[in-house]
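User: I have a model open and want a quick tour of its helix packing. Can you walk me through it?

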Amino acid sequence: MSDKPSVLFVCVHNAGRSQMAAGWLRHLASGTVEVRSAGSAPADQINPAAVEAMREVGIDITDQTPRRLEHETVEASDVIVTMGCGDACPVFPGKRYEDWKLDDPAGKGIDAVRPIRDEIRARVERLLTELRPTA
């Protein structure tokens with residue numbers, strides 16, 4: 001069993017919000033947290049506006065691909081952060097769940113995605129503070 005906490009970000013298409021959140025956590029945690037993301041109905045590719053918004057802040061998520069949410073992934077995660085996946089997200093006793101109400105960047109341009117990206121960063125920073133003990 002790993003000493004690192006694991007976080008799973010879940011949204012419907014695993015193409016926007018969950019990918020940006022995973023990108024932020026990978027960047028900010030610097031390897032101290034295991035990061036996963038998935039979707040209940042994964043898209044074919046990551047939202048180009050999400051990719052561009054993250055690129056603007058120096059984070060490259062182009063190597064990520066939308067993945068289907070599997071029960072095993074949820075079971076192996078300590079914290080599950082949902083972003084609009086509704087009843088499609090399995091619930092396991094003893095897991096920490098958070099539901100982040102965020103606008104869906106699907107079909108939106110970069111100007112609409114930037115505030116979503118920035119809100120996700122603020123939430124990821126709070127989550128990271130809770131996950132890591134103060135040095």
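User: What do the buried residues of α2 pack against?
Analyst: This is a predicted model, so keep that in mind. The buried residues of α2 pack against α1 and α4.

User: Which residues of α2 are buried?
Analyst: Helix α2 covers residues 48-56. A49, A50, V51, A53 and M54 are the buried ones there.

User: How does α2 sit on α4, what angle and how far apart are the axes?
Analyst: The two pack at about 60 degrees. Their axes are 9 Å apart. Angles that are not roughly parallel, antiparallel or perpendicular count as oblique. α2 and α4 are therefore oblique to each other.

User: Left-handed or right-handed crossing?
Analyst: α2 and α4 cross in a right-handed way. On the α2 side, the contact uses A49, A50, E52, A53, M54 and E56. On the α4 side, it uses I110, V113, R114 and R117.

User: How many of those are nonpolar, polar or charged?
Analyst: In the contact of α2 with α4, 6 residues are nonpolar and 4 are charged. There are no polar ones.

User: Now the ends of α2. Which residue caps the N-terminal end?
Analyst: N47 does. A side-chain oxygen of N47 lies 2.7 Å from the backbone nitrogen of A49.

User: And what phi does G58 take, just after α2?
Analyst: G58 has a positive phi of about 85 degrees.

User: Switching partners. At what angle do α1 and α4 pack?
Analyst: About 50 degrees, with the axes of α1 and α4 9 Å apart. α1 spans residues 17-29, and α4 spans residues 110-131. α1 and α4 are therefore oblique to each other. α1 passes α4 in a right-handed crossing.

User: Which residues make that contact?
Analyst: From α1, R17, M20, A21, W24, L25, L28 and A29. From α4, V113, I116, R117, I120, R121, V124, E125 and L128. By class, the contact of α1 with α4 has 11 nonpolar residues, 4 charged and no polar.

User: R117 came up twice. Is it buried or exposed?
Analyst: R117, in helix α4, has a relative accessible area of 7%. The cut-off for buried is under 20%. R117 is therefore buried.

User: What does the side chain of R117 make a polar contact with?
Analyst: The side chain of E56, at 3.1 Å.

User: Which other residues is R117 in contact with?
Analyst: Leaving aside neighbours within four places in sequence, R117 is in contact with M20, W24, A53, M54 and V57, as well as E56.

User: Different spot. Where is N14?
Analyst: N14 sits in the loop between β1 and α1. Strand β1 is 6-11.

User: Buried or exposed, that N14?
Analyst: N14 is buried, at 0% relative accessible area.

User: What lies 2.7 Å from a polar atom of its side chain?
Analyst: The backbone nitrogen of R67 lies at that distance from the N14 side-chain atom. Not counting residues up to four places away in sequence, N14 touches Q19, S37, A38, G39, T65, P66 and R67.

User: Last one, G94. Where is G94 placed, and is it buried or exposed?
Analyst: G94 is in the loop between β3 (79-82) and β4 (96-99). At 82% relative accessibility, G94 counts as exposed.

User: How far apart are the C-alpha atoms of G94 and E75?
Analyst: They are separated by 9.8 Å. G94 and E75 are 19 residues apart along the chain.

Technical notes:
Residues are numbered from 1 along each chain as its sequence is written. This is a predicted model: local features need pLDDT of at least 70, side-chain atom pairs count only at pLDDT 80 or more; totals for chains, interfaces and linings use all residues. Side-chain values use heavy atoms; hydrogens and water are left out. Axes are lines fitted to C-alpha atoms, for helices over the stretch in contact, and angles run from 0 to 180 degrees between N-to-C directions. Helices (H or I, at least four residues) and strands (E, at least two) are DSSP runs, numbered from the N terminus. Angles under 35 degrees count as roughly parallel, over 145 as roughly antiparallel, 65 to 115 as roughly perpendicular and the rest as oblique. A crossing is left-handed if the near helix is turned anticlockwise from the far one by less than a right angle, and right-handed if clockwise. Contact means heavy atoms within 4.5 Å. Ala, Val, Leu, Ile, Met, Phe, Trp, Tyr, Cys and Pro count as nonpolar, Asp, Glu, Lys and Arg as charged, and the others, Gly among them, as polar. Buried means under 20% relative accessible area, exposed over 50%, partly exposed in between (1.4 Å probe, protein chains only). A polar contact is a pair of N or O atoms within 3.5 Å; within protein, one must be able to donate a hydrogen and the other to accept it, and residues adjacent in sequence count only if both atoms are side-chain atoms.
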